[in-house]
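Visitor: I would like a close look at a single part of this model, with the cut-offs stated as you go.

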Amino acid sequence: VYASLLVWPSNSTEITLGAPVTTANTQVTLLGSTAGPLKWRSAGTSGGIIIDVSNIKIYSLASDWTWVFKLQNLQPVVWKRSRPH
């Protein structure tokens, strides 16, 4: 899964994404960065992830406009379709 960020946080070192459901093997990287896998923690039991970007320096970012995070090994979400009545 790829997540795009249009505004880099100026007053925080964390980015929260509300939907991804993590596993013990989840890995998060920032495309174009040499920082390697980023630290993260689950945002809650129903899903979400909080990504720690404290080790990424703003001047080292590959772009000034958008940033893309790659999230690997997430838990698949099964969507249930409701049947018409």
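In what order do the elements of the protein chain run from the N terminus on? Then please take me into the largest nonpolar core: which residues have the most contacts inside it?

Guide: The model is predicted, so local features are reported at pLDDT of at least 70 and side-chain atom pairs at pLDDT 80 or more, while totals for chains, interfaces and linings use all residues. Residues are numbered from 1 along each chain as its sequence is written, and side-chain values use heavy atoms, with hydrogens and water left out.

From the N terminus on, the elements run β-β-β-β-β-β. That makes six strands and zero helices. Strands are DSSP runs of E of at least two residues, helices are runs of H or I of at least four, and both are numbered from the N terminus. The C-alpha trace of the protein chain spans about 55 × 25 × 20 Å along its principal axes. Of its 85 residues, 31% are buried; the term means under 20% relative accessible area, against over 50% for exposed and partly exposed in between, with a 1.4 Å probe and protein chains only.

The strands fall into sheets as follows. One open sheet has three strands in the order β1-β6-β3, with antiparallel pairing. Two strands count as paired if DSSP finds at least two bridges between them. β1 and β3 are the edge strands of this sheet, each pairing on one side only. Its twist averages 20° from one strand to the next, where axes are lines fitted to C-alpha atoms (for helices over the stretch in contact) and angles run from 0 to 180 degrees between N-to-C directions. Another open sheet of three strands has the order β2-β5-β4, also paired in the antiparallel sense. Here β2 and β4 stand at the edges with a single partner strand each, so one side of each has no neighbour in the sheet. The twist of this sheet averages 20° from one strand to the next.

Now the core. The largest nonpolar core has 16 residues, and those with the most contacts inside it are W8, L30, I51 and F69. Such a core is a set of buried Ala, Val, Leu, Ile, Met, Phe, Trp, Tyr and Cys residues joined through side-chain atoms within 4.5 Å. At least two of its residues come from each of β1 (2-5), β2 (14-17), β3 (27-30), β5 (49-52) and β6 (67-72). β6 gives the most, with three residues.

Take β1 and its partner. In a regular strand the side chains alternate between the two faces of the sheet. In β1, A3 and L5 point to one face and are buried, whereas Y2 and S4 point to the other and are not. β1 meets β6 over four antiparallel bridges; Y2 stands opposite K70, and S4 opposite V68. On the β5 side, β4 and β5 pair over three antiparallel bridges, and the core residue I51 is the bridge partner of W40.

F69 touches many parts of the chain. Beyond its neighbours within four places in sequence, its contacts (heavy atoms within 4.5 Å) include V1, A3, L5, W8, I15, V28, L30, L38, I51 and V53.

The structure holds two aromatic pairs. Rings of Phe, Tyr and Trp (its six-membered ring) pair if their centres lie within 6.5 Å; planes under 30 degrees apart count as stacked, over 60 as edge-to-face and the rest as tilted. The rings of W8 and W67 have centres 5.5 Å apart and planes at 65°, so this pair is edge-to-face. W8 sits in the loop between β1 and β2 and W67 in strand β6, so the pair ties together parts 59 residues apart in sequence. W8 is buried at 13% relative accessibility, and W67 is buried at 8%. The rings of W8 and F69 have centres 6.4 Å apart and planes at 15°, so this pair is stacked. With W8 in that loop and F69 in strand β6, the stacked pair ties together parts 61 residues apart in sequence. W8, W67 and F69 form one aromatic cluster.

For contrast, T34, in the loop between β3 and β4 (40-42), is exposed at 83% relative accessible area.
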